[in-house]
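Subject: Structure handover

Hello,

Here is the structure I promised to pass on. Please open it first, then read the notes below.

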Amino acid sequence: MAEIMAPELLSTLRRIKVRGAIDSAHRAKQIAGQVFRYGIVTGRADRSSAAL
């Protein structure tokens, strides 16, 4: 979780969006945010890379 950087996540979301799957890109960002928030609460991460 700590190895995922915001530019990598953004790049992946943009690739999904370019395919025309805008709803999927939005859902992926939401889920990534949930995962990172969980990681912060449980002490597995110190910041969220999903805060784009």
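A contact here means heavy atoms within 4.5 Å. Keep that in mind for Ala50. Setting aside neighbours within four places in sequence, Ala50 is in contact with Leu9, Lys29, Ala32, Gly33 and Phe36. Please note that this is a predicted model.

The overall picture

The chain has 52 residues, and 23% of them are buried. It holds two helices and zero strands. Helix H1 covers 6-18. Helix H2 covers residues 22-41. Along the principal axes, the C-alpha atoms fill a box of roughly 35 × 15 × 15 Å. The accessible surface of the chain is about 4,000 Å². Carbon and sulfur atoms account for 56% of that surface. I also looked at contacts between residues at least 6 apart in sequence. Of these, 41% join residues at least 24 apart.

The core

Which residues make up the largest nonpolar core? There are five: Leu9, Leu13, Ala32, Phe36 and Ala50. H1 and H2 each supply at least two residues of this core. Ala50 has contacts with other members too, including Leu9, Ala32 and Phe36.

The segment after H2

Three residues here are worth a look: Ser49, Ala51 and Asp46.

Start with Ser49. Is Ser49 buried or exposed? Its relative accessible area is 3%. Buried means under 20%, so Ser49 counts as buried. Leaving out residues up to four places away in sequence, Ser49 touches Ile4, Met5, Ala6, Leu9 and Phe36. Ser49 and Glu3 are 46 residues apart along the chain, yet their C-alpha atoms are separated by 9.5 Å.

Next, Ala51. Its relative accessible area is 64%. The cut-off for exposed is over 50%, so Ala51 is exposed. Ala51 and Leu13 are 38 residues apart in sequence. From C-alpha to C-alpha, Ala51 and Leu13 are 13 Å apart in space.

Last, Asp46. Its relative accessibility is 71%, so Asp46 counts as exposed as well. Asp46 and His26 are 20 residues apart in sequence. Their C-alpha atoms are 23 Å apart in space.

A patch on the surface

Where is Ile31 in the chain? It sits in helix H2. Ile31 has a relative accessible area of 48%. Exposed would need over 50% and buried under 20%, so Ile31 is partly exposed. Together with Met1 and Val35, Ile31 forms a nonpolar patch on the surface. The accessible area of Met1, Ile31 and Val35 together is about 250 Å².

In short

Two helices are present, and both supply residues to the largest nonpolar core. Ala50 belongs to that core. In the segment after H2, Ser49 is buried, whereas Ala51 is exposed.

Best wishes

Methods. Residues are numbered from 1 along each chain as its sequence is written. This is a predicted model: local features need pLDDT of at least 70, side-chain atom pairs count only at pLDDT 80 or more; totals for chains, interfaces and linings use all residues. Side-chain values use heavy atoms; hydrogens and water are left out. Patches are made of residues with over 30% relative accessible area and no salt bridge: like charges are joined within 9 Å, nonpolar side chains (Val, Leu, Ile, Met, Phe, Trp, Tyr) within 5 Å. Accessible areas come from the Shrake-Rupley method with a 1.4 Å probe; for residues, only the protein chains shown count as cover. A salt bridge is a side-chain nitrogen of Lys or Arg within 4 Å of a carboxyl oxygen of Asp or Glu. Helices (H or I, at least four residues) and strands (E, at least two) are DSSP runs, numbered from the N terminus. Buried means under 20% relative accessible area, exposed over 50%, partly exposed in between (1.4 Å probe, protein chains only). A nonpolar core is a set of buried Ala, Val, Leu, Ile, Met, Phe, Trp, Tyr and Cys residues joined through side-chain atoms within 4.5 Å.
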